[in-house]
Amino acid sequence: MYLKQLVEHWENHANGNLTKESYQVRLTVEDAAKLDALAEMYPKRSREQIISELISASLGQLEASFPYIQGTKVVETDELGDAIYEDIGPTPRYLSLAKKYLAQHKAAS
């Protein structure tokens, strides 16, 4: 599944309650093979580091792939005086939630 498809899936199926429990992730054999290949290609990186960095890069790409959906409210003007409208797509909510959870993680550490 590509990141853009993943975002569309989340947008269309974003419901349900989440538990407080954590879960181990099991990889498909194809993804495990790719991870093993990367670990062999980059022996100074542990598998955990590779996974962490892949997640970080994927999250950055995921954030960039969120669609901009123009709202009706003008939030500022550009240097030419043209109106810039609020984004009513998933980006503002995502950034707000990420900021909230970042504060929680920082407070816990």
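This is a guided tour of a predicted model, going from the overall fold to individual residue pairs.

Residues are numbered from 1 along each chain as its sequence is written. Because the model is predicted, local features need pLDDT of at least 70 and side-chain atom pairs count only at pLDDT 80 or more, whereas totals for chains, interfaces and linings use all residues; side-chain values use heavy atoms, with hydrogens and water left out.

**The whole chain**

Begin with the protein chain in cartoon view, where four helices and two strands appear. Helices here are DSSP runs of H or I with at least four residues, strands are runs of E with at least two, and both are numbered from the N terminus. Read from the N terminus on, the order of elements is α-α-α-β-β-α.

Switch next to a surface. The protein chain exposes about 9800 Å², of which carbon and sulfur atoms supply 55%; accessible areas come from the Shrake-Rupley method with a 1.4 Å probe, and for residues only the protein chains shown count as cover. Of the 109 residues in the chain, 10% are buried. In this tour, buried means under 20% relative accessible area, exposed means over 50%, and partly exposed lies in between (1.4 Å probe, protein chains only). Among contacts with a separation of 6 or more, 27% involve residues 24 or more positions apart, a contact being heavy atoms within 4.5 Å.

**The hairpin**

Select strand 1 (70–77) and strand 2 (residues 83–87). The two pair in the antiparallel sense over four bridges; pairing requires that DSSP finds at least two bridges between the strands. Two partnerships can be picked out: Val 74 stands opposite Tyr 85, and Gln 70 has Asp 87 in strand 2 as its bridge partner. Then move to the turn, where five residues lie between the strands and Gly 81 takes a positive phi near 85°.

**The aromatic pair**

Which residues form the aromatic pair, and in what geometry? A search of the whole structure finds one such pair. Show the side chains of Phe 66 and Tyr 94: the arrangement is edge-to-face, at 5.1 Å centre to centre with 65° between the planes. Rings of Phe, Tyr and Trp (its six-membered ring) pair if their centres lie within 6.5 Å; planes under 30 degrees apart count as stacked, over 60 as edge-to-face and the rest as tilted.

Phe 66 belongs to the loop between helix 3 (47–65) and strand 1, and Tyr 94 to helix 4 (residues 90–108), so the pair ties together parts that are 28 residues apart in sequence. Phe 66 is buried, at a relative accessible area of 11%, while Tyr 94 is partly exposed at 25%.

Keep Phe 66 on screen and add Thr 91, which is found in helix 4. Leaving aside residues up to four places away in sequence, Thr 91 touches Phe 66 and Pro 67. Thr 91 is buried, with a relative accessible area of 16%.

Now add Glu 8 in helix 1 (residues 3–12). The C-alpha atoms of Glu 8 and Phe 66 are separated by 9.0 Å, although the two residues are 58 residues apart along the chain. Glu 8 counts as partly exposed, at 45% relative accessibility.

**The salt bridges**

How many salt bridges are there? The count comes to two, where a salt bridge is a side-chain nitrogen of Lys or Arg within 4 Å of a carboxyl oxygen of Asp or Glu.

Select Arg 47 and Asp 36, whose closest N and O atoms are 3.0 Å apart. This salt bridge links distant parts of the chain, with Arg 47 in helix 3 and Asp 36 in helix 2 (residues 29–41), 11 residues apart. Both are partly exposed, Arg 47 at 41% relative accessibility and Asp 36 at 36%.

Continue to Arg 45 and Glu 53, again with 3.0 Å between the closest N and O atoms of the salt bridge. Arg 45 is partly exposed with a relative accessible area of 37%, and Glu 53 is partly exposed with 39%.

**The nonpolar patch**

Finish with Ile 51, Ile 55 and Leu 59, which make a nonpolar surface patch of about 240 Å². Patches are made of residues with over 30% relative accessible area and no salt bridge; like charges are joined within 9 Å, and nonpolar side chains (Val, Leu, Ile, Met, Phe, Trp, Tyr) within 5 Å. Ile 55 lies in helix 3 and is partly exposed, with a relative accessible area of 47%.
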